[in-house]
Every structure is written in structure tokens, then in C-alpha cells.
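Here are a few friendly notes to read with the model open beside you. Take the points in order, and find each part on screen as you go.

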Amino acid sequence: MEETITSVVDRDLCHGCGTCVSSCPLEIIEMTRDDRRGIYVPQLDPALCNDCGVCLKVCPGHAVDFDQLNMWLFSEKPTNNLLGCYTKCYSGYSTEKNLRYGGASGGIVTTLLIAALEEGLIDGALVTGMSELNPLEPAPFVARTRDEIISAARSKYCPVPANIALREILNTDGKYAVVGLPCHIHGIRKFEQLNKKLADRVVLHIGIFCGYTYSFLATDYLLLRNGINKEDVKSISYRGEGWPGVATVRLHSGKDVSIPYFEVFNTVKLAFCPWRCFL
Ligand SMILES: Cc1cc2nc3c(=O)[nH]c(=O)nc-3n(C[C@H](O)[C@H](O)[C@H](O)COP(=O)(O)OP(=O)(O)OC[C@H]3O[C@@H](n4cnc5c(N)ncnc54)[C@H](O)[C@@H]3O)c2cc1C
């Protein structure tokens, strides 16, 4: 029997990125929540699996061969391993005040996506908002309007299975941008090597800086420390209102609880970092 994604989960190497879910030809993998650890992990039904091995081939948790990936993408290896291959490096921020103020770190990502959409370079962008139904869970989706792109701005400091939305990109003609953490982008690039349709459709990859992410337990703890019951939460925004900004928890009662960014980080710290991020 071929190894599957289950071996990655068993070895604690899973990022929870969701690439395996959208790459499985039989569609028998789904993301489930491991509530004890506060992370997402894929679950595969072994009785239905035909051992094709695709889930493992696209998995960034299993392995990322940077030399091979660089040669495939850029036909060269980077001279600086930390920076990777680059043409030029810039820093910047959105010149639209509301996007700059409402973004995580200057709103560049949101602004680039809107520009790409309005100039017709893309038909949609894989971004991550928060679920309306389950306000403490992320909701990756393909945004197709300026307002949808803006609705997904700001960092989500919780596990995000962004790549489950790749299936929509595969099922719907068009050109797309993808936004993700480095582990998401690794998964997408590995998947593109196996799937030309995906490689042709994704024309813009935006990888955002990431030191590590947080498990759902971090949010639980943050709420607890601020005396907030989970059931009372209508929405949560982890960043915004300038830099470094605040986390805002909106309650069903209409009250907003604001927690300064540095208080969020001083509170949750590495104790709530998923094990995989340390690797
Ligand atoms: C887990 C995490 C760790 C980070 N670590 C660092 C760090 O170590 N150093 C640093 O300088 N900055 C860090 N950041 C900040 C991040 O790099 C900024 O979000 C980025 O600079 C973009 O800022 P922006 O204002 O241009 O983005 P915005 O215009 O606010 O847009 C952010 C975009 O990223 C997407 N997104 C947000 N969170 C996630 C997520 N968890 N997974 C996938 N997509 C997501 C959104 O959908 C949106 O499209 C981290 C962010 C996250 C989510």
C-alpha cells in the first residue's frame, strides 16, 4: 500500500493547508478539527482510497525540495537562500487610506489584488475571511469583486486550510491570484507541478510573511483572558485600525472589545504555536 496523507498527519508534519483535499481525484479527503490541539488535519477514508499517492505528492508538510522548485519556476537556484530568487525588492503601502488603515500591515496585498482584478489580469483571488456561520473559524474563498477582496483583508491568527478553495479554481475557467502563508504557497506550487490546469489558471501568487501561526487554543485563551464567552462572539478581527493595530471582538450584544496587537501577542506567544511551525 502507498503512503498517503495519513502518514504525514501521524508524524505531526501536517500544516493543515488543505492542498490534499482539493487534489484528491476521488474527493475522499476532508479537513477535520483536532480540538485537543486546536488545529485542522485532513482525514482520508482508507476504504475508498486507490493509493494514487497524489495527496502525498502535493503535500508541503511531507517535503519541499526548494532547489527543484526554484529550477522549475525560475530556471536558477537563488544566490541567497533566505530571500530566494528575486528581480527587485520594494516596500510599500496602499495609497487608499481605508485599505492602508484596514489592512494587516499597510494593505498592499488587498490593493494589489484589486488592481489585478480591475485591470483584468485575474477573474478572482483565493483569499481568507472569517466564517459568518462559525465566527471563530476561517473561511477561504474565491473573491470575485473588490468588496469581497476587501472583506478578507487582515491577518487570520488561527489555522487556515486556504487550499481547499483550489477546487473551485480547478472547476471554474479563468485566471486567478492566490494569497497564502508560505506553507500554502508551497502546496500550491507542488500541486501545479502535477496539474497543468492549475498552473495555467493561477497567474499571481502572493505569499505573506509568516513567522508561525496560532492554534485555535490561542483564540480560546485570548477570549478567556478578556472574560468573553465563545457563544457571545459575533465576529473577530485579529488586526486592523492601523499598525500594529488591534484585535476586535464583536459581541452579539453589539459591544466591541478591542485588544491591542502587542497584548494579543504577549498573551498567546509560542505556547499556542502548532508543532509543525517549529519545523
Ligand atoms: C499567521 C501569520 C503570521 C505572520 N507572521 C508575520 C511575521 O512573522 N512578520 C511579519 O512582518 N508579518 C507577519 N504576518 C503579517 C503578514 O505578513 C501580513 O498580513 C502581510 O504583510 C500582508 O499585509 P497587508 O496589509 O498587505 O495585507 P492585507 O491587505 O491585510 O491582506 C492580507 C491577505 O492575507 C490573507 N490572509 C490573512 N491571514 C491569512 C492566513 N492565516 N492564511 C492565509 N491567508 C491569509 C487575507 O485573506 C488577505 O488577502 C503574519 C500574518 C499571519 C496571518
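1. Let's start with the ligand, keeping in mind that this is a predicted model. Helix H6 and strands S3 and S5 each supply at least two residues of the shell around the ligand. Which of them gives the largest share of that shell? The answer is H6, with 3 residues.

2. In total, 27 residues surround the ligand. Try picking out the closest ones: Gly103, Ala104, Thr110, Phe209 and Gly211. By type, the shell divides into 14 nonpolar, 11 polar and 2 charged residues.

3. Now look along H6 itself, which covers residues 108-118. Its buried residues are Val109, Thr110, Thr111, Leu113, Ile114, Ala116 and Leu117. Thr110 is worth a second look: this buried residue of H6 is also listed among the closest to the ligand.

4. A general point helps when you read such a list: an α-helix has 3.6 residues a turn, so residues three or four places apart point the same way.

5. What do the buried residues of H6 pack against? Their partners are two helices, H5 (97-102) and H7 (146-151), together with strands S3 (124-130), S5 (176-180) and S6 (202-207). Just after H6, glycine 120 has a positive phi of about 75°.

6. Finally, visit asparagine 171, in helix H8 (residues 166-171). Is asparagine 171 buried or exposed? It counts as exposed because 9 other C-beta atoms lie within 10 Å, and the cut-off for exposed is 12 or fewer. Between the C-alpha atoms of asparagine 171 and valine 257, 86 residues apart along the chain, the separation is 40 Å.

Note on methods: Residues are numbered from 1 along each chain as its sequence is written. This is a predicted model: local features need pLDDT of at least 70, side-chain atom pairs count only at pLDDT 80 or more; totals for chains, interfaces and linings use all residues. Helices (H or I, at least four residues) and strands (E, at least two) are DSSP runs, numbered from the N terminus. A residue is buried if 20 or more other C-beta atoms lie within 10 Å of its own, exposed if 12 or fewer, and partly exposed in between; C-beta atoms are placed from the backbone. Two residues are in contact if their C-beta atoms, placed from the backbone, lie within 7 Å. A residue is near a molecule or strand if its C-beta atom, placed from the backbone, lies within 6 Å of it. Ala, Val, Leu, Ile, Met, Phe, Trp, Tyr, Cys and Pro count as nonpolar, Asp, Glu, Lys and Arg as charged, and the others, Gly among them, as polar.
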